[in-house]
Amino acid sequence: MIHDVAVLGGGIAGATAALRLAQAGLEPAWIAPTRGDGFKPGEHLSAAALPLLKALGSDAILRSEVHRHAHGTYSAWGSDTLVERNAIVQLEGPPTVLDRGAFEDALTTQAITSGAQRIDQTVTEVVVQEDRWRIETLGGAIAARFVFDATGRKALVASRYATRFQADKLACQYALFAAPDAESARPVTLIEAEERGWWYMSLLADGQAVLNFYTDTDLPCFETSDLETQARGTTAIATYLADYGYRMSSRPTRIATNSTWIAPAIGAGWAAIGDAAAAYDPLSSHGMTTALWSAMTAADAYIARSRRKMQDYADNVARGVQDYLSARSAVYARETRWPDSPFWARRRANLHAGLAPAAAG
Ligand SMILES: Cc1cc2nc3c(=O)[nH]c(=O)nc-3n(C[C@H](O)[C@H](O)[C@H](O)COP(=O)(O)OP(=O)(O)OC[C@H]3O[C@@H](n4cnc5c(N)ncnc54)[C@H](O)[C@@H]3O)c2cc1C
């Protein structure tokens with residue numbers, strides 16, 4: 001059997017594309033391995049995602065108590081002073097701090113009930129055979145005429161058939177924290193810059209706190225196992241952890257968060273969506289919204305069988321990358337306290353690395 005269309009990857013982009021295609025009456029083969037039980041970082045959903053979720057018929061997902069509105073975000077960025085960015089003054093409304101696993105599970109359920117055929121397999125190889133793709137999995141091969149690559153930063157198909165660019169080597173070390181008296185903890189998100197990079201901490205709806213530290217992989221840094229001790233050396237975040245008695249409760253883990261993108265984001269018989277097309281610095285809080293937008297836009301172009309719309313999609317991804325790079329430069333340029341720090345100096349040097357093709361991140 002040859003499927004008209006397959007979606008590779010089970011994250012937000014994959015689930016959204018599978019859902020959108022299924023809503024249009026198509027039956028995409030959706031190759032998406034089951035998500036593990038572990039915590040998946042990336043929980044700050046921008047309010048810009050709301051209209052997209054509404055268009056998908058998925059906005060009810062956010063009404064669950066496992067997510068919370070992010071009314072208070074404070075950052076010490078450019079000075080030691082903690083500055084509040086209160087959601088009340090944001091016209092588009094407050095962001096949401098997600099239970100990321102629950103959010104992805106709800107999208108997955110919606111895609112399956114809408115008609116997407118989920119295949120719980122990992123893709124081991126993808127090859128072109130005449131007018132179709134042969135997608136190898138341990139459970140057997142699947143043939144499809146068109147493929148959406150939603151495999152995240154791996155960009156299984158896109159990185160092979162187009163050029164991959166990389167602007168930095170940012171990575172994140174993260175862990176969950178728990179406190180005996182978590183109910184009294186203030187629901188805040190804190191961002192704190194330091195000489196080696198920057199810290200992020202956010203209270204989740206269930207009272208756990210997620211703590212992230214970001215720096216470049218090629219710069220000297222502490223061992224991941226030392227994350228809690230290092231967090232105790234911060235200012236605002238350390239105070240918050242101490243005030244409520246937060247202790248690290250999960251194994252600290254490291255994950256790539258570098259800015260990478262594929263150009264062009266489409267090719268003959270394929271389109272890259274989500275992080276596979278363009279993966280952003282988590283400081284932007286844009287990754288999940290971009291995953292939703294890119295999956296919907298590319299799926300709509302496919303549904304309309306419109307080459308022009310597909311080309312428009314690729315052009316918009318490229319424009320989005322340029323806008324993102326400018327915004328990223330401006331935000332990092334606001335931090336000038338450590339002129340000799342390579343982490344900050346290379347960001348002030350305006351991303352020339354991003355203009356050249358680079359090894360996959
Ligand atoms: C530490 C961290 C913090 C972040 N914080 C935020 C934030 O606050 N706000 C925000 O908006 N964004 C944030 N992001 C970014 C956001 O998580 C991503 O942009 C988003 O997950 C992209 O969704 P995706 O579906 O494209 O990719 P992914 O979520 O990476 O999903 C890719 C999927 O492909 C599957 N896959 C990979 N290889 C294969 C294969 N061979 N076969 C089959 N399936 C495969 C994986 O299992 C996975 O399910 C953060 C990211 C990180 C890492």
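How many nonpolar, polar and charged residues does the shell around the ligand have? By class, there are 13 nonpolar, 14 polar and 5 charged residues in that shell. Keep in mind that this is a predicted model.

Let me stay with the ligand. In total, 32 residues surround it. The closest are Lys 40, His 44, Arg 100, Val 123 and Asp 275.

Now the backbone contacts. Start with Ile 12. One of its backbone N or O atoms sits 3.1 Å from a ligand oxygen. Next, Ala 13. A polar backbone atom of Ala 13 is 2.9 Å from an oxygen atom of the ligand. Then Val 123, which we have already met among the closest residues. Here a polar backbone atom of Val 123 lies 2.8 Å from a nitrogen atom of the ligand.

How much of the ligand is covered? On its own, the ligand has 990 Å² of accessible area, and the protein covers 89% of that.

Which elements give two or more residues to the shell? They are α1, residues 12–23, and α7, residues 287–303. The largest share comes from α7, with 3 residues.

And why does the ligand lie between two domains? Because domain 1 and domain 2 both give residues to its shell. Domain 1 is made of three segments, 2–64, 99–166 and 259–321. Domain 2 runs over 170–256.

On to the second largest pocket. It holds about 360 Å³ of space. Its lining counts 14 residues. Nearest the centre are Phe 146, Gly 269, Tyr 302, Arg 307 and Met 310. By class, the lining has 7 nonpolar, 3 polar and 4 charged residues.

Which elements build that lining? At least two residues each come from β11 (140–149), β20 (266–267), α7 and α8 (307–333). So you see α7 again: it supplies residues to this lining, and it also gives residues to the ligand shell.

Last, two backbone details. First, a cis peptide. The bond between Ala 263 and Pro 264 is cis, with omega about -5°. Where is Pro 264? In the loop between β19, residues 260–263, and β20.

Second, Ala 155. Its phi is near 40°, a positive value in a residue other than glycine. Ala 155 is in the loop between β11 and α4, residues 158–161. And β11 is one of the elements that line the second largest pocket.

Key. Residues numbered from 1 in each chain as written. Predicted model: local features only at pLDDT ≥ 70, side-chain atom pairs only at ≥ 80, totals over all residues. Heavy atoms only, no water. Near = heavy atom within 4 Å. Polar contact = N/O pair within 3.5 Å; in protein donor to acceptor, adjacent residues only side chain to side chain. Areas by Shrake-Rupley, 256 points an atom, 1.4 Å probe, with all protein chains shown as cover. Helix = DSSP H or I, 4+ residues; strand = E, 2+ residues; numbered from the N terminus. Nonpolar A, V, L, I, M, F, W, Y, C, P; charged D, E, K, R; others polar. Domains from an automatic or database assignment. 1 Å grid on protein atoms, 1.4 Å probe; cavity = no way out; pocket = protein on both sides within 12 Å on 5 of 7 lines; lining within 4 Å. Points joined across faces, edges and corners; volume = space filled by probe spheres on them.
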